[in-house]
Amino acid sequence: MTSLSSLSRLKLTLVLLWLLFALFALYTAVAHGLIYAPIGFVALATAVLVVALRAHARLSGFLHETTEVCARIRSGDFEARVINLDEEDALRQLSDNVNGAIDICDAFVRESLLAMQAASEGRYYRKIRQEGMLGMFSHSVEGINRAIDFLKEKDEADARNKRMVALTIERIRRLVESASHGNLDERIESDGFEGEYQELVTNMNGLMETISDPLKESIRVLEKLSEGDLTDEVRERYEGVFDDIKQAVNNTIARLERIVAEIQLASTSVKDSADGISSASLDLSRRTENQSSSLAQTASAMEQITATVEQNTSSARMVNEVSLKAKEVALQGRQVMKEAVESMSLISASSEKIAHISHLIDEIASQTNLLAINAAVEASRAGEAGRGFAVVAEEVRSLARRSSDASKEIRALNQESMAQVKAGNEHVENAGDLLDKIVGSVAALTERITEITSASEEQTIGINEINAAIANMDQVTQENVTMVKQNSDAAGSLTELADDLNQLITFFQLDAARASAATA
Amino acid sequence: MAKELYLSGKERVMTDDEIIVSKTDLKGHITYGNDVFCNIADYSTKEIIGAPHSILRHPEMPRCIFKLFWERIESGREIFAYVVNRGKQGDHYWVLAHVTPSFDANGKITGYHSNRRKATNAAVKAIKVLYATLLAEEAKASDRKTGLRNSYQRLQEILKEKGVDYDEFVLAL
Ligand SMILES: Cc1cc2nc3c(=O)[nH]c(=O)nc-3n(C[C@H](O)[C@H](O)[C@H](O)COP(=O)(O)O)c2cc1C
């Protein structure tokens with residue numbers, strides 16, 4: 001403002017000066033009557049004034065523009081520049097310098113803004129170019145670039161830390177995962193870790209050793225134990241619960257060792273006893289078998305006797321039956337005899353009737369014959385007409401003759417029969433006597449036989465009782481045989497078991513010194 | 001392309017503390033260039049104001065780099081690029097250009113700004129190899145469009161092979 005007002009003052013002074021020149025020229029012209037000198041003077045003054053005013057206008061324009069540019073820059077508009085198309089002069093130098101100052105500010109501001117923007121996006125490689133930056137600009141650029149480097153390092157450290165944490169967590173998770181599945185051989189590879197992470201990983205690996213070492217040693221000892229080797233034990237020194245494991249394993253082995261030694265002793269004595277039982281029961285078995293075969297023989301002899309007695313009984317019974325039947329038949333015979341005698345007398349009566357009847361028949365036949373002869377005579381008289389009748393009369397005569405013959409035969413036969421009936425009667429009497437004698441003998445026989453039968457039956461009962469006793473004995477003996485066999489089998493398997501036990505026990509290898517101490 | 005550009009083969013170098021500054025409108029027409037710019041390119045301020053920025057274009061610059069360049073700044077992002085420029089007299093100079101959009105209060109792009117620093121010899125040596133490859137790719141193609149597409153693709157492949165993105169690659173040179 002001061003410059004401007006001073007410029008206006010300069011302009012006013014110039015105009016006043018020209019006016020002064022003009023008045024002075026007018027005065028000399030009027031006062032001295034001069035014309036050319038004053039006109040030339042005024043013209044010169046006017047020319048000087050015009051030049052001065054133009055210079056003034058240019059200067060004030062430049063100052064105005066520069067002022068405006070500075071104001072824009074001050075308000076943060078770095079687009080503003082003083083555009084001066086003039087050739088080299090002081091003002092051009094001035095405008096170049098003003099522009100140069102703005103340029104460096106513009107460059108610095110743009111660069112700073114973009115570099116910080118890039119840094120905020122993680123593009124740390126985009127720093128401010130140092131070239132062209134002088135003095136405080138250069139220091140500021142250095143400062144900002146250092147800040148960017150610091151951000152970068154911090155960011156990288158953060159990323160590294162994050163990576164490290166993630167890696168550590170991942171590795172430990174894997175370790176824990178496989179450990180929780182019983183795999184204690186997994187270790188974290190420590191490369192790729194730094195600082196405290198490395199330490200943590202090393203400690204984790206150490207922890208795994210702490211856990212796995214006593215377990216592994218216990219496994220070794222227990223595996224040997226499973227192969228019967230009782231000579232090993234957990235030897236390393238462990239702490240806390242791992243020492244508890246060690247003690248438990250070692251105590252188990254020590255106790256097992258003692259038990260095995262005792263079993264060895266016991267199994268030997270069991271075997272001895274079993275052997276004794278075995279040979280005794282073998283002996284017993286032999287004897288029982290003998291007894292059994294004797295009993296079998298006895299039984300079969302008894303069976304034969306029984307059969308004989310039973311046969312006797314049944315024979316006697318049969319004889320008895322037969323004699324009873326004989327007696328019955330004899331008695332029946334007696335009855336038949338009586339009936340025969342009665343029949344024979346009836347026959348005699350009938351025979352007499354037959355004789356009488358045959359006599360009658362004879363008479364009738366002879367009368368018939370006479371009648372037939374008469375008829376034949378009559379017929380021959382009748383001639384041809386009586387011819388058929390003559391034939392019939394002849395037939396009737398022949399019949400009468402044959403009837404008479406038959407009745408004669410019947411009479412003869414009847415007489416013969418009568419004679420035989422008489423003889424028969426005698427025979428029947430004799431037979432009746434004989435039958436009576438037979439009945440008597442049969443009765444005596446029956447009595448004997450009944451006695452025999454009852455004796456045989458008693459015998460049978462006795463024999464049956466003997467048989468039952470023998471069967472009983474046999475059964476008991478058989479049971480004995482079975483039991484003796486079972487006994488001997490049991491003794492045999494006991495021996496075998498004792499052998500097996502001995503065999504099994506030899507599976508264990510004992511620490512000789514400790515074992516003898518245990519059983520002593 | 002138009003007539004063969006004259007190349008003097010003379011290299012101009014920046015000092016360590018110089019910055020070449022220019023600003024353009026949205027189309028790449030220069031609205032401001034500082035004195036360092038004018039001096040190294042042998043242009044007067046008058047000549048550059050309003051001129052397209054391609055007046056500095058050197059034939060050894062692959063087109064695909066400018067494609068990437070414009071893609072980035074038009075999407076509102078910055079880009080670093082090694083650029084060889086041709087001055088008015090046919091001299092050339094290597095720079096590491098940092099081009100950024102300028103925004104108004106509403107975040108709208110109002111123009112572009114470029115700061116260029118001295119490119120180190122090592123970086124120039126390395127980038128020359130890449131640019132030669134990309135240029136060859138562009139020259140090989142029958143037309144400009146395919147050439148551009150092929151070299152752009154080639155650039156992506158090379159970066160992929162190196163396992164870095166473009167910015168990381170450039171800033172590490
Ligand atoms: C702020 C800004 C600065 C630029 N600087 C250069 C430069 O230094 N050299 C250059 O060849 N092109 C530069 N360009 C790119 C040009 O505008 C142009 O795209 C490039 O020269 C390619 O020209 P072409 O499209 O005619 O082939 C710049 C563009 C912008 C927006």
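This tour goes through a nonpolar surface patch and then a series of salt bridges in a predicted model.

**Stop 1: the nonpolar patch**

Select A:Leu17, A:Phe21, A:Phe24, A:Tyr27 and A:Phe41, and show them with a surface; together they make a nonpolar patch of about 490 Å². Then colour helix H1 of chain A, residues 2-32, which is the element that gives the most to this patch, with 4 residues. Centre next on A:Phe21, a patch member that sits in helix H1 of chain A. The relative accessible area of A:Phe21 is 32%, so the residue is partly exposed.

**Stop 2: a pair within helix H3**

Turn now to the salt bridges, of which the structure holds 40 over all chains. Select A:Arg92 and A:Asp96, whose side chains form one with an N to O distance of 3.0 Å. Both residues belong to helix H3 of chain A, which covers residues 90-120. Because they are 4 residues apart in that helix, about one helical turn separates them. Are these two residues buried or exposed? A:Asp96 has a relative accessible area of 13% and is buried; A:Arg92, at 9%, is buried too.

**Stop 3: a pair within helix H6**

Move to helix H6 of chain A, residues 240-382, and select A:Asp283 and A:Arg286, which lie 3 residues apart, about one turn of the helix. They form a salt bridge in which the closest N and O atoms are 3.2 Å apart. A:Asp283 has 28% relative accessibility and counts as partly exposed.

**Stop 4: from helix H6 to helix H7**

Which side chain meets A:Arg334 in a salt bridge? Select A:Asp436: the N to O distance of this pair is 2.7 Å. A:Arg334 lies in helix H6 of chain A and A:Asp436 in helix H7, residues 387-506, so the salt bridge ties together parts that are 102 residues apart in sequence. Colour the two helices separately to follow the link. A:Arg334 is partly exposed, with a relative accessible area of 34%, and A:Asp436 counts as partly exposed at 37%.

**Stop 5: a network with a residue of chain B**

For the last selection, take A:Glu79, A:Arg81, A:Asp103, A:Asp106 and A:Arg110 and add B:Lys23; salt bridges link these residues in a network. Show the side chains as sticks and keep chain B in view, since B:Lys23 is one of the linked residues.

Conventions: Residues are numbered from 1 along each chain as its sequence is written. Chains are lettered from A and ligands numbered from 1 in the order in which they are written. This is a predicted model: local features need pLDDT of at least 70, side-chain atom pairs count only at pLDDT 80 or more; totals for chains, interfaces and linings use all residues. Side-chain values use heavy atoms; hydrogens and water are left out. Patches are made of residues with over 30% relative accessible area and no salt bridge: like charges are joined within 9 Å, nonpolar side chains (Val, Leu, Ile, Met, Phe, Trp, Tyr) within 5 Å. Accessible areas come from the Shrake-Rupley method with a 1.4 Å probe; for residues, only the protein chains shown count as cover. A salt bridge is a side-chain nitrogen of Lys or Arg within 4 Å of a carboxyl oxygen of Asp or Glu. Buried means under 20% relative accessible area, exposed over 50%, partly exposed in between (1.4 Å probe, protein chains only).
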